[in-house]
Amino acid sequence: MASVVETAIRGVVTKGIQAVAGFNRARMHEDAPHPFLTGIHTPMAEERTLTNLTVTGTIPAELSGRYVRIGPNPFKPDPRGHHWFIGDGMVHGVRLSGGKAEWYRNRYIRSQILEAAGGPKAAPGPRRSARDGVNTNVVHIAGKITAIVEAGSTPVQLDENLETVAYTDFGGSLTAPFTAHPHEDPLTGEFHAITYDAMTPDRVWHVVLSPEGKVVRELEVPVQHGPSIHECTITKNYVVIFDLPVTFSMKSLIAGQGFPYRWNPDHKARVGLLPKAGTADQIVWCDVDPCYVFHVANSYEDADGKVIIDSAVYETMFSEGPEGPDGKAIGFERWTLDPAGGKVARQTIDAAAQEFPRPDERFFGQDYRYAWAIGIPSDGDLAFVGAQPLYRHDLKTGERTAHDFGAGRVPGEFVFVPRAADAPEGEGWMIGYVIDTNTETTDLVILDASDMALPPVAAVHIPHRVPPGFHGNWLPDV
């Protein structure tokens with residue numbers, strides 16, 4: 001924990017730096033077009049509730065719950081210093097029950113930032129700082145719909161209609177930063193996360209939540225340069241820490257950039273194996289060639305005790321423009337780490353550019369067979385406007401199959417939903433939003449997860465464009 005004196009000094013320094021950053025941001029060209037504020041990314045101007053939704057096909061009767069995705073939707077778009085990752089959070093959800101689509105709703109996360117900009121009144125609850133925007137993921141934690149973001153705000157609880165209820169520090173148990181990607185261990189019900197804070201560049205945290213939604217562990221892990229750690233992963237015995245060369249950039253912050261992280265070739269790339277109940281000095285660090293990972297499909301320990309990690313990998317990240325992700329995607333890779341130490345062994349599973357890999361979450365942290373991922377443009381343009389099939393990887397046979405959504409149709413992340421709690425791995429549906437740029441509309445598409453060649457099982461038609469967001473999940477009725 002930082003001392004009172006340290007915290008006070010940091011607060012004074014931060015206020016001065018933020019003043020300079022604000023001055024430099026105000027000098028930028030406010031009419032300059034921004035790739036993440038225009039075109040397919042143009043923010044929605046209003047909240048809507050739609051109950052008369054048209055459906056093509058047949059919605060499986062087993063689907064009872066909500067598909068919810070969150071993403072940035074700036075209330076007052078301003079291109080000056082804007083980065084895709086920092087816009088006001090907006091959730092978009094469709095409720096399915098009894099084979100019907102009961103409603104679509106989109107709602108802003110009621111932050112203090114939003115209220116200060118003239119938006120709806122802020123929700124109550126504890127904040128870590130004035131930067132309380134939440135826009136990156138929506139999950140169930142202890143049965144509650146929870147919106148989350150990395151390196152900033154405390155989480156936000158939503159009600160069954162996606163209205164913001166309150167910010168939460170899990171009953172006062174959370175004192176460390178939180179993350180956009182806590183991973184639930186299906187064998188224990190615990191959530192594990194690696195978290196960071198831009199104003200604390202010399203450490204990150206291993207945070208563990210109990211199945212009841214209380215923080216039971218906040219372990220500090222020493223690092224250098226303030227790495228941006230978007231994702232972690234777990235195995236039976238380990239939490240995996242990705243300490244890769246995207247780090248805090250004071251130069252970018254002072255220049256007025258809203259997301260001050262850049263590719264840092266001077267930062268050593270490494271991956272850490274932290275025993276789940278271990279201490280920081282027990283971490284085994286394995287060197288890896290410089291690269292970056294946003295998202296992991298899965299990880300597990302093989303018969304020899306080595307750690308296997310499957311993820312979407314980039315050659316670099318945030319090395320070009322300041323507007324959004326700009327790295328060259330180099331495919332879906334398998335990394336092998338030895339708990340005895342050494343360098344990460346990398347193997348290409350599929351060289352096609354892809355993102356948002358997802359497994360059957362019932363097998364997270366365990367040996368598994370299937371992963372799905374969205375293809376992305378291979379030219380480094382990550383505005384998500386190119387041809388984007390949905391890939392299905394059979395990791396036992398090496399077969400890759402794909403679903404083509406058609407010309408001008410742009411999918412976001414798709415999530416696997418099992419047909420039943422005890423269904424075999426991969427037996428169920430893939431669900432996600434698909435934008436039709438030809439008509440400026442969106443479909444919630446349901447696919448048979450076992451056969452990408454089949455046409456959609458069903459599509460719920462939303463009569464407007466849902467801007468590309470970040471992460472979504474199927475939240476079953478509880």
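Two strands are said to pair if DSSP finds at least two bridges between them. The close-up views below all come from a predicted model.

**View 1. Strands 21 and 22 lie side by side in an open sheet of four strands.** Strand 21, covering residues 307–314, and strand 22, covering residues 329–337, run in the antiparallel sense and are joined over eight bridges. Within this pair, Ala312 stands opposite Phe332, a residue of strand 22. The sheet as a whole follows the order 20-21-22-23, with antiparallel pairing. Its edges are formed by strand 20 (292–301) and strand 23 (345–350), each of which pairs on one side only. On average, neighbouring strands of this sheet are turned by 30° against each other, direction ignored.

**View 2. The largest nonpolar core of the model has 51 residues.** The residues with the most contacts inside this core are Phe242, Val271, Val288, Tyr292, Ile309, Trp335 and Leu337. Strand 15, which spans residues 238–243, supplies the largest share of the core, namely five residues. Apart from this core lies another one, made of 24 residues, among them Leu63, Val417, Ala458 and Val460.

**View 3. Val288 is shown with the residues that it touches.** When residues up to four places away in sequence are not counted, Val288 touches Leu244, Ala269, Arg270, Val271, Trp335, Val344 and Arg346. Of these partners, Val271 and Trp335 are also listed, together with Val288 itself, among the residues with the most contacts inside the largest nonpolar core.

**View 4. Arg66 is a buried residue of strand 3.** Strand 3 covers residues 65–72, and Arg66 counts as buried because its relative accessibility is 9%, where the limit is under 20%. The side chain of Arg66 makes a polar contact with the side chain of Asp477, at 3.2 Å. Leaving aside neighbours within four places in sequence, Arg66 is in contact with Val94, Arg95, Trp103, Ile145, Glu160, Asn473, Trp474, Leu475 and Asp477.

**View 5. Gly71, also found in strand 3, is shown beside Phe470.** Gly71 and Phe470 are 399 residues apart along the chain, yet their C-alpha atoms are separated by 5.1 Å. Gly71 has a relative accessibility of 6% and therefore counts as buried. Not counting residues up to four places away in sequence, Gly71 touches Asp88, Gly89, Met90, Asn135, Gly469 and Phe470.

**View 6. Ala142 and Phe170 are loop residues with positive phi values.** Ala142, although it is not a glycine, has a positive phi of about 50°, and it is placed in the loop between strand 6 (137–141) and strand 7 (144–148). Phe170, likewise a residue other than glycine, has a phi near 55° and lies in the loop between strand 9 (164–167) and strand 10 (183–184). With a relative accessible area of 39%, Ala142 is partly exposed, whereas Phe170 is buried, with a relative accessible area of 5%.

**View 7. Residues 1–13 are a stretch where pLDDT stays under 50.** For these residues the model has nine contacts beyond four places in sequence. Where pLDDT is low, the predicted coordinates should not be read in detail. The protein chain, by comparison, averages a pLDDT of 92, and 91% of the residues score at least 70.

Key: Residues numbered from 1 in each chain as written. Predicted model: local features only at pLDDT ≥ 70, side-chain atom pairs only at ≥ 80, totals over all residues. Heavy atoms only, no water. Core = buried A, V, L, I, M, F, W, Y, C linked by side-chain atoms within 4.5 Å. Buried < 20%, exposed > 50% of the residue type's maximum accessible area, 1.4 Å probe, protein only. Helix = DSSP H or I, 4+ residues; strand = E, 2+ residues; numbered from the N terminus. Contact = heavy atoms within 4.5 Å. Polar contact = N/O pair within 3.5 Å; in protein donor to acceptor, adjacent residues only side chain to side chain. Axes fitted to C-alpha atoms, helices over the stretch in contact; angles between N-to-C directions. pLDDT = per-residue confidence, 0-100.
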